[in-house]
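Student: Please look closely with me at one part of this model, the pairing of charged side chains, and then place that part within the chain as a whole.

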Amino acid sequence: MTSASRKDRVETYVREGRNLMNWNIWTALETYLQLQKKFGWAAFKRVFANYQNMSNYPRDNDGKMNLYAETFSKAVNMNLTGFFKAWGWPIKQATEEKLSNLPCWTDHPMAQYS
């Protein structure tokens, strides 16, 4: 988990087309590390607490990813759809619209690869 290996992993993932089939354990961990660096562990606690109050979860992977993007965005009061899309997540227009009232995280770590 050196800085160089993390950077190389992200660049390889981007170069290979941001394919979720390649969003494996180490690449996925990088996504969450970037969120943790910006928002801290308390944000994750808020997200997980919000999940405790939910009862109707999507069954499909796209739906789950959109719910996570929405839940995390609301937990930090910032629109993170651009960040997740930069990782290749299948963010739906409806999710973007739900979060459009929040300020966008435009200087996220993946912005340099857009």
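Tutor: A salt bridge is counted here when a side-chain nitrogen of Lys or Arg is within 4 Å of a carboxyl oxygen of Asp or Glu. The model is predicted, with local features requiring pLDDT of at least 70 and side-chain atom pairs pLDDT 80 or more, whereas totals for chains, interfaces and linings use all residues. Residues are numbered from 1 along each chain as its sequence is written, and side-chain values use heavy atoms, with hydrogens and water left out.

Side chains of opposite charge can pair when their charged atoms come close. The structure holds five salt bridges, among them one in which the side chains of Glu30 and Arg6 meet at 2.6 Å, N to O. Glu30 belongs to helix H2 and Arg6 to helix H1, so this pair ties together parts that are 24 residues apart in sequence; helices (H or I, at least four residues) and strands (E, at least two) are DSSP runs numbered from the N terminus. Glu30 counts as buried because its relative accessibility is 5%, while Arg6, at 25%, counts as partly exposed; buried means under 20% relative accessible area, exposed over 50%, and partly exposed in between (1.4 Å probe, protein chains only).

A second pairing stays within one helix: the side chains of Glu70 and Lys74 meet in a salt bridge of 2.8 Å, N to O. These two residues are four positions apart in helix H3, which means that about one helical turn separates them. Glu70, with 12% relative accessibility, is classed as buried, whereas Lys74, with 45%, is partly exposed.

Glu96 and Lys85 form another salt bridge through their side chains, with an N to O distance of 3.3 Å. Their pairing links distant parts of the chain, since Glu96 is in helix H5 (residues 93–98) and Lys85 is in helix H4, eleven residues apart. Both partners are partly exposed, Glu96 having a relative accessibility of 22% and Lys85 a relative accessible area of 40%. Beyond separate pairs, salt bridges that share partners join Glu70, Lys74 and Lys98 into one network.

Helix H4 also holds Thr81, which counts as buried because its relative accessibility is 6%. Leaving aside residues up to four places away in sequence, Thr81 touches Ser73, Ile91, Thr95, Glu96 and Leu99, where contact means heavy atoms within 4.5 Å. One of these neighbours, Glu96, is the salt-bridge partner of Lys85.

Just before H4, Asn77 lies in the loop between helix H3 (61–76) and helix H4 (81–86). The phi of Asn77 is near 55°, a positive value in a residue other than glycine, and at 52% relative accessibility Asn77 counts as exposed. A second positive phi near 55° in a non-glycine residue belongs to Arg18, found in the loop between helix H1 (3–15) and H2. For comparison, most residues other than glycine have a negative phi.

Helix H2 (residues 25–52) also contains Leu29, which is partly exposed because its relative accessible area is 31%. Together with Met1, Ile25 and Trp26, Leu29 forms a nonpolar surface patch with about 420 Å² of accessible area in total.

Turning to the record, an unreviewed UniProt entry lists residues 1–40 for "domain: Peptidase M60"; such annotations may be inferred rather than shown by experiment. Over residues 1–40 the chain is 72% helix and 0% strand, with the end C-alpha atoms 18 Å apart.

For the whole chain, there are five helices and zero strands, following the pattern α-α-α-α-α along the sequence. The radius of gyration is 14 Å, which agrees with the value near 13 Å for a compact globule of 114 residues; the radius is taken over C-alpha atoms and the globule rule is 2.2 Å times the number of residues to the power 0.38. The C-alpha trace spans about 40 × 25 × 25 Å along its principal axes, and buried residues make up 39% of the 114. Among contacts with a separation of 6 or more, 65% come from residues 24 or more positions apart.

Terms used: Patches are made of residues with over 30% relative accessible area and no salt bridge: like charges are joined within 9 Å, nonpolar side chains (Val, Leu, Ile, Met, Phe, Trp, Tyr) within 5 Å. Accessible areas come from the Shrake-Rupley method with a 1.4 Å probe; for residues, only the protein chains shown count as cover.
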